[in-house]
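Here are a few exercises to help you find your way around a new structure. Try each task yourself before you read the solution.

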Amino acid sequence: MTKYSILWLFYGLLALLLAACGGSSTPTPLNPQQIETGKAVYDANCAACHGAQGAGEPNWKAPDANGVYPAPPHDSSGHTWHHADALLLQVMREGSGMPNSKMPVYRDILSDGEMEAVLAYIKTFWGPEEAAFQQQMTEQWKEQNR
Ligand code: HEC
């Protein structure tokens with residue numbers, strides 16, 4: 001088992017634990033204007049790797065011969081929804097920090113507004129449970145980083 005998969009396993013367990021303790025936080029309604037912008041930015045910049053509907057690349061948990069991981073899904077089958085807004089925006093801005101990562105750094109390519117819009121669009125790939133869970137993660141992050 002690689003260091004990387006242990007990390008994802010940890011995130012998975014954390015997500016399950018938090019889901020089990022989770023309350024019934026209602027996701028904030030998404031802004032339609034922002035979603036339209038987000039879809040345009042996503043289709044142009046992210047869809048080639050993460051899939052037009054956020055399905056990711058096939059076999060995304062298995063690195064290739066050079067240790068490069070395929071792009072994970074952003075829909076409910078992935079783990080994007082396990083993470084707070086702040087963390088997801090940080091990955092977009094600065095890259096994932098994973099070894100051999102092919103996830104681009106968008107700091108000099110997209111504006112903060114465009115990255116926020118993409119995030120809003122990615123949220124349309126989730127079901128109500130994933131959306132509620134992710135909202136809770138976002139609120140917890142804010143609590144801890146006040
Ligand atoms: C060249 C392929 C590629 C493109 C283009 C790309 N990504 Fe990624 N992305 C990846 C890979 C691969 C990962 C998995 C982590 C790693 O290997 O760095 C990833 C991870 C992520 C994550 C972290 C997911 C998680 O669950 O932790 C987010 C968020 C993300 N990408 C958003 C985006 C957005 C938004 C765009 C477009 C603006 C984008 N990516 C474009 C390949 C790509």
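**Exercise 1. Find which helices help to surround the ligand, and describe the shell they belong to.**

Solution. Start with the helices: α3 (47–50) and α4 (85–94) each give at least two residues to the shell around the ligand. Keep in mind that you're looking at a predicted model. Next, count the shell: 23 residues surround the ligand, and the closest are Cys46, Cys49, Ser96, Ser101 and Met103. Finally, sort the shell by class, and you get 14 nonpolar, eight polar and one charged residues.

**Exercise 2. Work out the overall make-up of the chain.**

Solution. First, list the elements: there are six helices and zero strands. Read from the N terminus, that gives α-α-α-α-α-α. Then check burial: 23% of the 146 residues count as buried. Last, look at the contacts with a separation of 6 or more, where residues 24 or more positions apart account for 63%.

**Exercise 3. Find the buried residues of α5 and say what covers them.**

Solution. Go along α5, residues 112–122, and pick out the buried ones: Met115, Ala117, Val118, Ala120, Tyr121 and Ile122. Now see what lies over them; the cover includes α2 (32–45) and α4. Here's a rule that helps when you read a helix: an α-helix has 3.6 residues a turn, so residues three or four places apart point the same way.

**Exercise 4. Describe how α2 and α5 pack together.**

Solution. Begin with the geometry: the axes of α2 and α5 are 7 Å apart, and the helices pack at an angle of about 95 degrees. Angles of 65 to 115 degrees count as roughly perpendicular, so α2 is roughly perpendicular to α5. By class, the contact between α2 and α5 involves seven nonpolar, three polar and two charged residues. Now name the partners: Gln34, Ile35, Thr37, Gly38, Lys39, Val41 and Tyr42 from α2 meet Glu114, Ala117, Val118, Ala120 and Tyr121 from α5. Zoom in on Tyr121: leaving aside neighbours within four places in sequence, Tyr121 is in contact with Ile35, Gly38, Lys39 and Tyr42.

**Exercise 5. Track down the largest nonpolar core and the helices that build it.**

Solution. The largest nonpolar core has 18 residues, and Tyr42, Met92, Ala117, Val118 and Tyr121 have the most contacts inside it. Then ask where the core comes from: α2, α4, α5 and α6 (128–144) give two or more residues each. The largest share, six residues, belongs to α5. As background, nonpolar side chains tend to be buried together in soluble globular proteins.

Methods: Residues numbered from 1 in each chain as written. Predicted model: local features only at pLDDT ≥ 70, side-chain atom pairs only at ≥ 80, totals over all residues. Near = placed C-beta within 6 Å. Helix = DSSP H or I, 4+ residues; strand = E, 2+ residues; numbered from the N terminus. Nonpolar A, V, L, I, M, F, W, Y, C, P; charged D, E, K, R; others polar. Buried ≥ 20, exposed ≤ 12 C-beta atoms within 10 Å, placed from the backbone. Contact = placed C-beta atoms within 7 Å. Core = buried A, V, L, I, M, F, W, Y, C linked by C-beta atoms within 7 Å. Axes fitted to C-alpha atoms, helices over the stretch in contact; angles between N-to-C directions. Parallel < 35°, antiparallel > 145°, perpendicular 65-115°, else oblique.
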